Amino acid sequence: MNVFELDKEYVAPTYGRFPLNIVKGKGAIALDCDGKEYIDLGSGIAVNSFGFADSEWIDAVTKQLHLFQHTSNLYYTEPCALLAKMLCDRTGMKKVFFSNSGAEANETAIKVARKYGCENLGKDYYNIITLKNSFHGRTHTTLAATGQDAFHEHFLPLTEGFIYCEADENEVEKALKENKVCAIMFEIVRGEGGVLPLESSFVKKLSEFSEKYNVLLVVDEVQTGNGRTGMLYSYMHYGITPDVVTTAKGLAGGLPIGATMLGEKVENIFAPGLNGSTFGGNPVSCAGAVNIINRIDDALLKEVREKSEYIFKTLENAEGVESVTGLGLMIGIKTKKEAKAVVNECMERGVLVLTAKDKVRLLPPLNIPFDVLKKAIDVIIDVCKE
Ligand SMILES: Cc1ncc(COP(=O)(O)O)c(C=O)c1O
């Protein structure tokens, strides 16, 4: 049996896979089992921050692998402690809890919010406001946090205590007044929801509300984080100070990791035994993440913003393109053609792009060379106008 047949026979069919078997990659270029090359503008959905098989990252990861691959959280390890310090230094947050995925990072944030509410506001202050069209993960509680009915179907009843609001300040304030709320949790750009950036004024209002109503401001930076939007974390575009920041995906450059960063108000919320994760803070993942975070410096972030500007300018005026949304290298394109058709045609022509709802979505490696990016964008333009 070949890979396609094996997968079909034995892997639970939870994904709509494309008929593509990637066997190798370098930088922004992927190679399939027939030797065909593709420019990858998906980065494994915002995970491969520096593309495939980046040499520096491989060195950092293999160096740790040769030392040891795992201990347990009963012992101290340097990569975990070092990464936590780097994240705190770069964000001003005070403590970090490590896990394995975005959903797990958000689960932790929700636990933090509930404990904060109970201890500081009152026993029934467990409600969390999230936004319609948000996406926070696939576990039962993060599905409940996700403000999209389509994801809830089949899995009811979900964890209670989530209130879904439009990205509208009046609606959010009404919900804060009418319910016992402990936190507002949101993405600065709703990625899975269709690459929908929030208005700067709305983000600032949410920050004001968190002060006014003494609720936690929780920013889900699972997709937007780690340089993706042209700042280390996307909330930094707006000068706000969240109480909790979650991230995952691109943090370790392609290894599983989740991080829940805790600000001053909640830095002491956990005590031994209150949360845990066998693989959380895994030294190999953390060594990869230390390398990635070190390299997301001002020069790289500037490059991300320049590439973004180029994509916006080029695509906004292209035939067959109705609109372009997003921030940094997290881009949604509304095309006249059906998004799925654009993805398929781009793939045929050697460019890998994604969808988000009815849009074509781009999440290229942060360090994609300009000439490679231009080549791929030319293909997208061609496909859109045909
Ligand atoms: C904003 C956001 N939060 C959470 C998640 C869930 O992350 P994971 O798939 O690592 O559990 C995702 C995944 O797409 C995401 O985009």
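This report describes the overall fold of one chain and one strand pair within it.

The model is predicted: local features require pLDDT of at least 70 and side-chain atom pairs pLDDT 80 or more, while totals for chains, interfaces and linings use all residues. Residues are numbered from 1 along each chain as its sequence is written, and side-chain values use heavy atoms, without hydrogens and water.

The chain contains 13 helices and 17 strands, these being DSSP runs of at least four residues (H or I) and at least two (E), numbered from the N terminus. Because a compact globule of 386 residues would have a radius of gyration near 21 Å, the 21 Å of the chain agrees with that expectation; the radius is taken over C-alpha atoms, and the rule is 2.2 Å times the number of residues to the power 0.38.

| Property of the chain | Value |
|---|---|
| C-alpha box along the principal axes | roughly 60 × 50 × 45 Å |
| Buried residues | 54% of the 386 residues |
| Exposed area | about 17,700 Å² |

Buried denotes under 20% relative accessible area (1.4 Å probe, protein chains only). Areas follow the Shrake-Rupley method with a 1.4 Å probe, and carbon and sulfur atoms supply 52% of the exposed area.

Strand E13 spans residues 321-327 and is mostly covered, with 5 of its 7 residues buried. Its antiparallel partner E14, residues 330-335, is joined to E13 by 6 bridges; pairing requires at least two DSSP bridges. Within this pair, Val321 stands opposite Thr335 of E14. The two strands form a hairpin with 2 residues between them, and Gly328 in the turn has a positive phi of about 60°.

Conventions:
Buried means under 20% relative accessible area, exposed over 50%, partly exposed in between (1.4 Å probe, protein chains only).
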